[in-house]
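Here are my notes for a colleague who is opening this structure for the first time. Please keep the view at hand while reading the points in order.

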Protein chains: 2
Amino acid sequence: MGEHQLEHFIRSGGLKVTPQRLMLLREIEAQGHLDVDELFRRAQAHFPSISLATIYKNLHTLSENGILREVPLPGKRSVYELHHAEHVHFFCTECNKVCDVEADMSDIADMLRERTGYQFDTMRVTLGGPCPGPDKCMRE
Amino acid sequence: MGEHQLEHFIRSGGLKVTPQRLMLLREIEAQGHLDVDELFRRAQAHFPSISLATIYKNLHTLSENGILREVPLPGKRSVYELHHAEHVHFFCTECNKVCDVEADMSDIADMLRERTGYQFDTMRVTLGGPCPGPDKCMRE
DNA sequence: ATCACTGCAAAGGGTTTGCAAGTTC
DNA sequence: GAACTTGCAAACCCTTTGCAGTGAT
């Protein structure tokens, strides 16, 4: 995603464009999914004096404004991703990493709407198990 | 679920059947989904001197043994349910309650297996939005 | 100039741990 | 009686909050 587009997303929520925010978003974009700690470690490489509080505040603010999305995981801390189209997450029970799965979900969302009678706004699908290997996920 | 069956589940994991465990499972069964706090409050009605540590330890032990299942939620604490067949959760963004949705998921699991090429063990589907009302969920 | 954001330090909660006493099998 | 579980208290996080200084618009 381009610099301009990121800045536009931030501004459209009434938020200010700070170097810290841009860096956080770029790290998350590059890694796909990061939790608070990993993000803090990476952030320190760019801003040695950055505070954990800044990470927390931004994770909240950016999630509330629909720029980030929290992905809650069983027994682990949530990870955060750039908010994009509905998709499936695969959570590897061996390497504890999360990856996006390429799969069109719109028809599944429709099926669920029909079957359940619920008018939901969001749908989170997380598959769990040992991931197939480096080619499919990130396991070595 | 009968008393005998609950006890059997506990024992089959190599765990011991204690009055506290039976009570926790019955409360969860009765309420459907409970988080640590609600469970603790309810537990105190039965065992006034029960400790929060006991709740935490049992939630972990019973989840590891497949008797309970953790349902992680965005921005909230996880809730726990009795482990049963794959199903859909609806998380109401207004009343913050979780309910099970009646929907056969086996074909959706198959579809996802085909489309993604992943051999997953678990599937968690959580829909979010305002729930339709008392008849469908628990909102008043 | 205003309002928002950062970084720090402290406060506040939530969760885990160690251990002695009590239970289960 | 051996092994596990409970309850307590302390320790140990993790996360939030308040505030003064800085930065964005």
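1. Which oxygen of DNA strand D is 2.6 Å from an N or O atom in the side chain of Arg11(A)? A phosphate oxygen of the strand is the partner of Arg11(A) at that distance, and the pair is a polar contact, a term used here for N or O atoms within 3.5 Å, where within protein one atom must be able to donate a hydrogen and the other to accept it, and residues adjacent in sequence count only if both atoms are side-chain atoms.

2. A word on the basis of these notes: the model is predicted, so that local features need pLDDT of at least 70 and side-chain atom pairs count only at pLDDT 80 or more, while totals for chains, interfaces and linings use all residues. Residues are numbered from 1 along each chain as its sequence is written, chains are lettered from A and ligands numbered from 1 in the order in which they are written, and side-chain values use heavy atoms, with hydrogens and water left out.

3. Chain A has 5 helices and 5 strands, taken as DSSP runs numbered from the N terminus (helices H or I of at least four residues, strands E of at least two). Read from the N terminus, its elements follow the order α-α-α-α-β-β-β-β-α-β, and the C-alpha trace spans about 50 × 40 × 25 Å along its principal axes. Of the 140 residues in chain A, 44% are buried, where buried means under 20% relative accessible area, exposed over 50% and partly exposed in between (1.4 Å probe, protein chains only). Among the contacts in chain A with a separation of 6 or more, 45% are between residues 24 or more positions apart, a contact being heavy atoms within 4.5 Å.

4. Around DNA strand D there are 22 residues, of which Arg11(A), Tyr56(A), Arg77(A), Arg21(B) and Lys57(B) come nearest; a residue is near a strand if one of its heavy atoms lies within 4 Å of it. α4 of chain A, with α2 (19-31) and α4 of chain B, each supply at least two residues of this surface, and α4(A) gives the most, with 5 residues. The surface divides into 8 nonpolar, 7 polar and 7 charged residues, with Ala, Val, Leu, Ile, Met, Phe, Trp, Tyr, Cys and Pro counted as nonpolar, Asp, Glu, Lys and Arg as charged, and the others, Gly among them, as polar. Besides Arg11(A), a polar side-chain atom of His60(A) lies 3.5 Å from a phosphate oxygen of the strand, and one of Gln20(B) lies 3.0 Å from a sugar or linking oxygen.

5. DNA strand C has 21 residues around it, and Lys57(A), Arg11(B), Tyr56(B), His60(B) and Arg77(B) come nearest. Sugar and phosphate account for 79% of the atoms of DNA strand C that come within 4 Å of the protein. The side chain of Arg77(B) has an N or O atom 2.6 Å from a phosphate oxygen of this strand, whereas base oxygens of DNA strand C are the partners of Lys16(B), at 2.9 Å, and of Lys57(B), at 3.1 Å.

6. Away from the DNA, I would look at Arg124(A), which lies in strand β5 (residues 122-129) of chain A. Arg124(A) is buried yet has no salt bridge, the nearest side chain of opposite charge being that of Glu81(A), 6.4 Å away. A salt bridge here is a side-chain nitrogen of Lys or Arg within 4 Å of a carboxyl oxygen of Asp or Glu, and for charge Lys and Arg count as positive and Asp and Glu as negative, with His and the chain ends not counted. The side chain of Arg124(A) does reach the backbone oxygen of Glu70(A), at 2.3 Å.

7. Is His87(A), in the loop between β2 (79-82) and β3 (88-92) of chain A, buried or exposed? His87(A) counts as buried because its relative accessibility is 7%. Its side chain has a polar atom 2.7 Å from the backbone oxygen of Ala85(A), and a polar contact of 3.1 Å joins it to the side chain of Asp100(A).
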